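Got your viewer open? Here is a short tour, one selection at a time, with a note on what to look for at each stop.

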Amino acid sequence: MHFVFATAITALPCFIAAAPQHVKRGGTAIPLTKRSSLVNPDKSVNFEVLNSHIESTRAEILRGFDSFEENTGVSHLSAVKRTRKQRASGGLLLDPFNIGTNLWSGTVSVGTPPLIYTVMFDTGSSDFILPGIACDASCDGHTLYDPASSLTSVNLGEPFVAEFEGGDSAFGQGHTDNVTIVGLTATDQTLGVASHYSHGFQLEQFPPDGLMGMGFQSISLYHQSPVFQTFVAQGQTDEPVFAFNFAGPRPELYLGGTNPNMYTGDFTYAQVTERGHWQVNMDSVVVNGVVVLANVDSIIDTGSHLIHGLPEDVATFYEAIGATPTPINPRFYSFPCADFPSVSFTFGGTSFLISAETFIIHIDHLDCFGAIIAGDVPFWVLGTVFLSNVYSVFDVANARVGFATLA
């Protein structure tokens, strides 16, 4: 993957625009909406979509490894476990944003005067990208960002090109502008304005207009501050944390704190082991009260839906419940629905149960398909299948992720 972006600007035009003022607000909630396409209209499993989900998650992680090395000058520790030869295996590597299964999105506004866009809030990446007014037909159906219509937009004078294995790419110009999410404003925020969207960003695959990464700066393609970190640096939040609730009738992203109406009890925290992705150690995977896996390296990824595990780990997990690989794709496993086990993940000594409703992605007669699949990255990826069972908080300042019981 090749990426070019300006890291310094010597002189910028001056605009008359009021700087945002910090107001004590105790946290701000952004409602989330969901789009699901895991099954076909006849209720059968859409293996094409599921396979795309595996490859897109893999691509996103590997892109983060590349950005981490480019930005820090050292290889990501998890990437060391995986050679380039291994990365190239497994067929065509799809676009990292081709994740049309169970996308969660919300609204933001950009520019002066502001225009509203829908974006996916993704803790598995760190950059903000929108389709531009000069975009070709690949952006059809999306709300387009027009830099000329914003008094606070600045063209950085450098193109960005994000290339992905398989030959697909997204490209355009780097800009800065004001970005607002429910009263919080980041001034001079770096964003990529696309003149071409890769296949995975196109409307039929990706209904939101753009993507807002919420990982750490070290995996940013731009090597610039992600939007939430800009909020923190500019004094827009009372606390340097954000939280997600993916369950119930009011799913939301909460910025600058936690919503006490969404959880009960105390948080259990897991420390980030590498500031890039939200990478933490999971104490154990427990099946019917028995630990089947321990000390599991994992990342917490709101941009992924399924739970991706190392193939040998996933085989061990499903062996404990009597499941077998599906004949259509051995990455997926099925088991008798009548034998659904008790499954929980443990962090910091606290176990969090995964409900049957979230774990079972499809029922075929008497067989159920599980949401834990054999992935192709050197750690587990815990997507919204897990996160729908907990209230999760991401603490930027202390580099840790916390989980609490849903209210």
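Start by selecting Asn 295, which sits in strand 15, residues 290-300. Keep in mind as you look around that this is a predicted model. Check the backbone of Asn 295: its phi is positive, about 55 degrees, although the residue is not a glycine. That is worth a pause, because most residues other than glycine have a negative phi. Is Asn 295 buried or exposed? Turn on the surface: Asn 295 is exposed, with a relative accessible area of 61%.

**A second positive phi**

Now jump to His 223, in the loop between strand 9 and helix 4 (227-233). Here, too, phi is positive in a residue other than glycine, with a value near 55 degrees. His 223 has a relative accessible area of 32%, so it counts as partly exposed.

**A cis peptide bond**

While you're looking at backbones, select Thr 112 and Pro 113. The peptide bond from Thr 112 to Pro 113 is cis, and its omega is near 0 degrees. Most peptide bonds are trans. To find the spot in the fold, color strand 3 (103-110) and strand 4 (115-122): Pro 113 is in the loop between them.

**Strand 5 and its partners**

Next, select residues 128-131, which make up strand 5. Show the side chains: Phe 128 and Leu 130 point one way, Ile 129 and Pro 131 point the other way, and all of them are buried.

Which strands does strand 5 pair with? Add strand 9 (residues 210-213), which pairs with strand 5 in the antiparallel sense over two bridges. Then add strand 8 (residues 184-196), whose pairing with strand 5 is parallel, over three bridges. Ile 129 is a handy marker for both pairings: it stands opposite Leu 211 in strand 9 and opposite Gly 192 in strand 8.

**The nonpolar cores**

Select Phe 121, Phe 345 and Phe 386 and show them as spheres. These are the residues with the most contacts inside the largest nonpolar core, which has 73 residues. Strand 14, at residues 278-287, gives the most to this core, with five residues.

Now center on Phe 345 and look at what surrounds it. Leaving aside neighbours within four places in sequence, its contacts include Met 282, Ser 284 and Val 285. Also among them are Ile 307, Ile 354, Ile 372, Trp 380, Leu 382 and Phe 386.

There is a second, separate core to pick out as well. This one has 14 residues, including Ala 194, Phe 201, Leu 221 and Tyr 222.

**A four-strand sheet**

Where are the edges of the next sheet? Four strands form an open sheet with antiparallel pairing, in the order 17-18-22-21. Its edge strands are strand 17 (324-325) and strand 21 (360-364), each pairing on one side only. Zoom in on the strand 17 end: two bridges join strand 17 to strand 18 (residues 333-336), and the two run antiparallel. Select Pro 325 and you'll find its bridge partner, Tyr 333, in strand 18.

**The salt bridge**

Go to Arg 400 and Asp 395. Side chains of opposite charge can pair when their charged atoms come close. The side chains of Arg 400 and Asp 395 meet in a salt bridge, at 3.0 Å from N to O. The count for the model comes to one salt bridge. How exposed are the two ends? Arg 400 counts as partly exposed because its relative accessibility is 25%, while Asp 395 is buried, with a relative accessible area of 4%.

**Zoom out**

Last stop: show the whole chain as a cartoon. You should be able to trace seven helices and 26 strands. Of the 407 residues, 58% count as buried. Among contacts with a separation of 6 or more, 72% come from residues 24 or more positions apart. The accessible surface comes to about 15800 Å², and 55% of that belongs to carbon and sulfur atoms.

Finally, color by pLDDT. The mean for the chain is 82, and 75% of the residues reach 70 or more. Two stretches to select here are residues 1-24, where the pLDDT is below 50, and residues 79-101, where the pLDDT is also below 50. Beyond near neighbours in sequence, residues 1-24 have 49 contacts in the model, and residues 79-101 have 67.

Technical notes:
Residues are numbered from 1 along each chain as its sequence is written. This is a predicted model: local features need pLDDT of at least 70, side-chain atom pairs count only at pLDDT 80 or more; totals for chains, interfaces and linings use all residues. Side-chain values use heavy atoms; hydrogens and water are left out. Two strands pair if DSSP finds at least two bridges between them. pLDDT is the predictor's confidence in each residue, from 0 to 100. Contact means heavy atoms within 4.5 Å. Buried means under 20% relative accessible area, exposed over 50%, partly exposed in between (1.4 Å probe, protein chains only). Accessible areas come from the Shrake-Rupley method with a 1.4 Å probe; for residues, only the protein chains shown count as cover. A nonpolar core is a set of buried Ala, Val, Leu, Ile, Met, Phe, Trp, Tyr and Cys residues joined through side-chain atoms within 4.5 Å. A salt bridge is a side-chain nitrogen of Lys or Arg within 4 Å of a carboxyl oxygen of Asp or Glu.
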